[in-house]
Amino acid sequence: MKFNQSNIKKAIKYLDKDYCIGVPTETVYGLAANAYSNLAITKIFDLKKRPKNNPLIVHYLDAVSLKKDCLINDNFIKLYKKFSPGPITYILKLKKSSKISKYVTNKKKYLAVRFPKHKIFKELLKQLDYPLAAPSANITTKVSAVQAKDVKEEFGSKIKYILDGGRCAIGIESTIIDLTDKPAILRLGGLDISKIQKILGYKLDMNINPKRKKSPGQSLLHYSPGIPLKMNALKAKKDEAFILIKKRNTKLKNYFYLSVKNDLNEAAKNLYSCLRKIKNKGYKSIAVEKISNKGLGKAINDRLNRASNY
Ligand code: TXA
Ligand code: MG
């Protein structure tokens with residue numbers, strides 16, 4: 001997607017005035033605001049109806065700009081070199097001198113940081129002299145946004161501006177890794193953890209159980225289209241939406257496909273728009289066929305599992 005400088009300028013005008021705007025990333029759209037401004041950060045929490053104890057991810061252009069705010073370590077350097085910019089978020093220790101608003105981390109000493117790959121978001125960060133806090137651009141517990149119009153559907157006129165960057169290439173949130181202690185995965189996401197394990201040379205601890213609350217946003221109900229959803233279904237009722245991983249040769253109206261050929265990357269990319277479409281068509285429940293738990297299938301199943309707690 002091409003970008004034009006006048007849209008970037010408009011975005012900067014709103015951000016400089018402490019407003020929140022929609023921004024495209026390669027994973028999902030974000031609801032972005034100045035990470036150094038208490039006022040701007042408070043607005044993010046209000047708009048999303050997000051509990052104040054659920055910290056935000058801060059987005060930087062590169063490791064050079066990050067160094068003002070966080071302490072880095074060897075594991076970070078290894079992973080950053082290989083995977084950033086891209087769909088991975090690191091938890092690092094904040095520097096005492098950091099200007100990050102205390103509301104971003106709920107006054108804790110650790111910060112989630114990410115380096116987005118989307119061209120438009122990078123250009124925006126390049127022109128700003130502050131980093132951007134940005135949670136996914138959806139109301140808390142709801143389906144994330146993967147197109148500008150989804151952001152509009154979530155927030156309507158409550159936000160001033162959305163930078164349109166087309167459809168998100170990955171379609172599922174970043175993988176979160178805690179690097180403040182022995183590395184541990186806090187959220188499955190757009191970067192397959194086997195790739196991370198390969199670089200680090202060992203199997204990672206998993207801390208994705210919502211009861212352990214290391215990542216407070218990973219609550220039981222999340223990513224929900226607001227109707228019941230059942231996983232590992234063999235069939236669907238006549239008036240129920242049926243989500244399939246691979247296109248079938250049928251004209252049944254209640255069948256929805258995540259991919260043409262059982263491709264898990266394509267399925268991740270289509271997941272949230274599929275859930276949104278089904279909800280908007282007025283279906284009252286969803287059945288989902290079993291999805292292989294390999295590669296991005298793990299993150300897809302994690303999202304569906306949380307959505308099934310409706
Ligand atoms: O792909 C993504 O990560 C997207 C795009 C916009 O960058 N952002 C995103 O943000 O998914 P959000 O707020 O929807 O999810 C962030 C998750 C939450 O589960 C939150 O609890 C966790 O990151 N988190 C943020 N800061 C943390 C911290 N300091 N320690 C542990 N978990 C943290
Ligand atoms: Mg989210």
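Domain bounds, as I use the term this morning, come from an automatic or database domain assignment, and with that in mind I can say that the C-alpha centres of domain 1 and domain 2 lie 27 Å apart. Please keep in view throughout that this is a predicted model.

The assignment for the protein chain places domain 1 at residues 5–206 and domain 2 at residues 229–307. Let me take the boundary between them before turning to one element on either side.

How many residues of domain 1 are in contact with domain 2? The count is 22 residues of domain 1, which meet 16 residues of domain 2. The size of an interface is often given as the accessible area lost when the parts come together. Here, domain 1 and domain 2 bury about 1,500 Å² between them, and 55% of that area is on carbon and sulfur atoms. On the polar side, twelve residue pairs are in polar contact between domain 1 and domain 2, counting pairs with both residues at pLDDT 80 or more. Helix α6, residues 148–155, gives the most to the side of domain 1 that touches domain 2, contributing three residues. The rule also finds four salt bridges across the interface of domain 1 and domain 2. Elsewhere in my notes I have the salt bridge between the side chains of Glu 154 and Arg 276, with an N to O distance of 3.1 Å.

Now to the strands, beginning with β5, which spans residues 88–94. Six of the seven residues of β5 are buried, so this strand is largely enclosed by the rest of the structure. Which strands pair with β5? Strand β4, residues 70–71, does so in the antiparallel sense over two bridges, and within that pairing Cys 70 stands opposite Leu 94 of β5. Strand β6, residues 110–114, is also antiparallel to β5, with five bridges joining them, and here Thr 89 has Arg 114 in β6 as its bridge partner. With strand β9, residues 175–178, the arrangement is parallel and four bridges join it to β5, while Tyr 90 stands opposite Ile 177 in β9.

Finally, I come to helix α9, residues 297–307, which is mostly covered, since nine of its eleven residues are buried. Among the buried residues of α9 are Ile 300, Leu 304 and Ala 307, and also the charged-type names Asp 302, Arg 303 and Arg 306. What covers these buried residues? The elements that do so include β10 (184–187), β12 (229–230), α8 (264–280) and β15 (286–288).

Definitions and conventions: Residues are numbered from 1 along each chain as its sequence is written. Chains are lettered from A and ligands numbered from 1 in the order in which they are written. This is a predicted model: local features need pLDDT of at least 70, side-chain atom pairs count only at pLDDT 80 or more; totals for chains, interfaces and linings use all residues. Side-chain values use heavy atoms; hydrogens and water are left out. Buried means under 20% relative accessible area, exposed over 50%, partly exposed in between (1.4 Å probe, protein chains only). Two strands pair if DSSP finds at least two bridges between them. Contact means heavy atoms within 4.5 Å. Buried area is the accessible area (1.4 Å probe) that two parts lose on being put together, summed over both. A polar contact is a pair of N or O atoms within 3.5 Å; within protein, one must be able to donate a hydrogen and the other to accept it, and residues adjacent in sequence count only if both atoms are side-chain atoms.
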